[in-house]
Amino acid sequence: MAGARDLGLVAPVARGLSAKRRPAFEPEPEPEKPFLLRDPASSLSDSEESVFSGLEDSGSDSSEDNDDGGEDDISCDKGHSRTEGQAQTGSPGLGTEMVRSSSRDEYQEDSSDEEDIRNTVGNVPLEWYDDFPHVGYDLDGRRIYKPLRTRDELDQFLDKMDDPDFWRTVQDRMTGRDLRLTDEQVALVQRLQRGQFGDMGFNPYEPAVDFFSGDVMIHPVTNRPADKRSFIPSLVEKEKVSRMVHAIKMGWIQPRRPRDSTPSFYDLWAQEDPNAVLGRHRMHVPAPKLALPGHAESYNPPPEYLLSEEERLAWGQQEPGERKLNFLPQKFPSLRAVPAYSRFIQERFERCLDLYLCPRQRKMRVNVDPEDLIPKLPRPRDLQPFPTCQALVYRGHSDLVRCLSVSPGGQWLASGSDDGSLRLWEVATARCMKTVPVGGVVRSVAWNPNPAICLVAAALDDTVLLLNPALGDRLLVSSTDQLLGAFTPPEEPALQPAQWLEATEEERQRSLRLRICHGKPVTQVTWHRHGDYLAVVLATPGHTQVLIHQLSRRRSQSPFRRSHGQVQCVAFHPTRPFLLVASQRSVRVYHLLRQELTKKLMPNCKWVSSMAVHPAGDNIICGSYDSKLVWFDLDLSTKPYKVLRHHKKALRAVAFHPRYPLFASSSDDGTIIVCHGMVYNDLLQNPLLVPVKVLKGHTLTRDLGVLDVAFHPTQPWIFSSGADGTIRLFT
């Protein structure tokens, strides 16, 4: 009896502790009456009572009980206090023993759900706890630590093989512990995965209840009489209609367009242009079509298409790719006698390979008129005057004429040749006025640009000869001799890189006045615009390649301390104190007063051969042995403004006209190209370069053509000296 009573007491206690709290107004069911027998447990100590309260908190499944917790606690406390006096009559030892046995049985038979530690972090991302050893806090504020996971993938694989319940084990993200799903939970998951309802007892196909039957009843639902407003026109609707009419008049409301009666389906490629670039495929390239058969493919070809025996042998010896026809034309009496084509399958296969493997790409061709690509240049007839035809030929030299120079007035012409002579010509008549034998190759001739001085400088071997040709005005000739004779040598001659020598009486009769000896071969001589200084270029390595001589004081100086390559030619600036020195790969501009380098021009040529400066001084042209003519704009850049490649061979000389916007170049191809080169005063407008005329007349000798050119100082004429030993005037 006592044992039965104990069992009857323990079960309600466990059930009451693990069950949810009920609201105060809910009536107690009838079998719960033995609950009064276990009220003596309320007289336990605080520590034992806390055990039950902890079980109650952990055993609750939802947070909805917190809302009703206030009233329930009050009602429970009242019940406990009410029954406490009645339970005092029972044995205290019996009550204590019953509670201990119930608590022990509770922990023995408790499930994982009741042991769950409630995580109270709330609705926060659990990623915030990734760097912490705990995952949240329980109801008492203690940390819930993550379980130690030191197992690697191999251990997980072994667990998967050994544990039959591995497939139903999931990890609780709130506590970090592994939970084993029950059969009911697995069945619930499977139903949800199949798209079914979670509740097994729910029937989605229950019969519908008709609230209204389909039978017409005698009595209506309502028999209320109609309102008066149903017979009177509505003012609200009238206002709406007037608004719509106004909107239609104003065009705010458009009438509905008639519906298109054409079917919605159509042919995609009916209107497609196969040649359109923006077609169905933007880069679609149609396959090349097979060539149509010709007369040779006929079963009865004309006789001229049939091959002879020699042609058959030659066809058999050719490579398959070199043959014009990949078959032999044959003649048959009728179409019935034509046998089956043996290479049909092979040709079909090759055709398929061509279509499949041939890479085809569309090249977008720009339909541009070639005339539009040529810059719009003025017509040459609008750029006249310029030399167009050969007027005179100056004959007399027996070898190639290397150099020439025109007097400042344009009446006389000096030329130097390899025949060892210097000739002076009259320009208008082509008459040789004087021949000065010098006994060597004359490499450069320069007439003094000062009209008040009648003097010619000629470079001969290692000497520069200064001659008074004694042509023209006698007063001018005598004043030149007086200028040269007015020099008084200093008492102590200074050490100079060149030696000045007076001409002997015999040499003076041959027009020679002074001789400047250098010790090295002289390749070029050029005058300053005032006529007192002249610069020479020596064919020697080192810093003494360029020397400057002063005629009035008979002094010579070397302006450079070191060399920057082999010097090809030099030129004085026409208006400013600049000296331009052209080496093989560059042109350097030096300021003579400041004694510094001002600019370094890069022609981008392999070997500079000649140079000329525009009369205004802001532009330079350079000729090169790689057949380029380079135009520099000194105000624009150190790189070429234009590179002209009109000649086919090396350029020998370039020249500017002193007055007209013309420049010319001579080449070994035997031609002289005259170009119009207009330089504008407006700095924002680039120079206009237009080739206007190609002059021919010299014959090639020893692969050499025109060696030097020079413009007439006042007329649009040009002089040229060639390897054929002639000088030609083009006007």
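# Exercises on a predicted model

The span of residues 644-674 is 0% helix and 55% strand, and its end C-alpha atoms lie 12 Å apart. The model used in these exercises is predicted.

**Exercise 1.** Describe the place of Thr-671 and decide whether Thr-671 is buried or exposed.

Solution.
- Step 1: locate the residue. Thr-671 belongs to strand β29, which covers residues 671-678.
- Step 2: check the record. The UniProt annotation "repeat: WD", from an unreviewed entry, covers residues 644-674 as well as residues 394-435.
- Step 3: apply the cut-off. Buried means under 20% relative accessible area. Thr-671 has a relative accessible area of 10%, so Thr-671 is buried.
- Step 4: list the neighbours. Leaving out residues up to four places away in sequence, Thr-671 touches several residues, among them Ser-665, Val-694, Leu-695 and Val-706. His-647 is also one of the residues touched, and its side chain makes a polar contact of 3.4 Å with the side chain of Thr-671.

**Exercise 2.** Find which residue forms a salt bridge with Arg-173, and state where the two partners sit.

Solution.
- Step 1: name the partner. Arg-173 pairs with Glu-127, and the closest N and O atoms are 3.9 Å apart. The cut-off for a salt bridge is 4 Å, so this pair qualifies.
- Step 2: place both residues. Arg-173 is in the loop between β3 (169-171) and β4 (178-180), while Glu-127 is in the loop between α5 (112-115) and β1 (134-137). They are 46 residues apart, and the pair links distant parts of the chain.
- Step 3: classify the exposure. Arg-173 is exposed because its relative accessible area is 56%. Glu-127, with 48%, is partly exposed.
- Step 4: put the pair in context. The whole structure contains 15 salt bridges. Side chains of opposite charge can pair when their charged atoms come close.

**Exercise 3.** Examine two further salt bridges, Asp-138 with Arg-142 and Asp-227 with Arg-229, and classify each residue.

Solution.
- Step 1: take Asp-138 and Arg-142. Their side chains meet at 3.5 Å, N to O. Asp-138 counts as buried at 11% relative accessibility, whereas Arg-142 counts as partly exposed at 49%.
- Step 2: look for a network. Asp-138 and Arg-142 are linked with Asp-140 in a network of salt bridges.
- Step 3: take Asp-227 and Arg-229. The N to O distance here is 3.3 Å. Asp-227 is partly exposed at 26%, and Arg-229 is exposed at 67%.

**Exercise 4.** State which strands each supply at least two residues of the largest nonpolar core, and follow one of its members.

Solution.
- Step 1: identify the members. The core has 20 residues; among those that touch the most other members are Ala-457, Val-464, Val-525 and Trp-527.
- Step 2: name the strands. β11 (456-460), β12 (463-467), β14 (512-517), β15 (522-527) and β16 (533-538) each supply at least two residues.
- Step 3: follow Val-525. Not counting residues up to four places away in sequence, Val-525 touches residues including Val-445, Ala-457, Val-464, Leu-534 and Val-536.
- Step 4: note the second core. A separate core of 18 residues includes Leu-422, Ala-458, Leu-465 and Leu-471. In soluble globular proteins, nonpolar side chains tend to be buried together.

**Exercise 5.** Locate Gln-185 and describe its surroundings.

Solution.
- Step 1: Gln-185 lies in helix α7, residues 183-193, and counts as partly exposed at 34% relative accessibility.
- Step 2: a polar atom of the Gln-185 side chain lies 3.0 Å from the backbone nitrogen of Thr-182.
- Step 3: Gln-185 and Arg-168 are 17 residues apart in sequence and 9.5 Å apart in space, C-alpha to C-alpha.

Conventions:
Residues numbered from 1 in each chain as written. Predicted model: local features only at pLDDT ≥ 70, side-chain atom pairs only at ≥ 80, totals over all residues. Heavy atoms only, no water. Helix = DSSP H or I, 4+ residues; strand = E, 2+ residues; numbered from the N terminus. Buried < 20%, exposed > 50% of the residue type's maximum accessible area, 1.4 Å probe, protein only. Polar contact = N/O pair within 3.5 Å; in protein donor to acceptor, adjacent residues only side chain to side chain. Contact = heavy atoms within 4.5 Å. UniProt positions renumbered as here; feature names shortened; annotations may be inferred. Core = buried A, V, L, I, M, F, W, Y, C linked by side-chain atoms within 4.5 Å.
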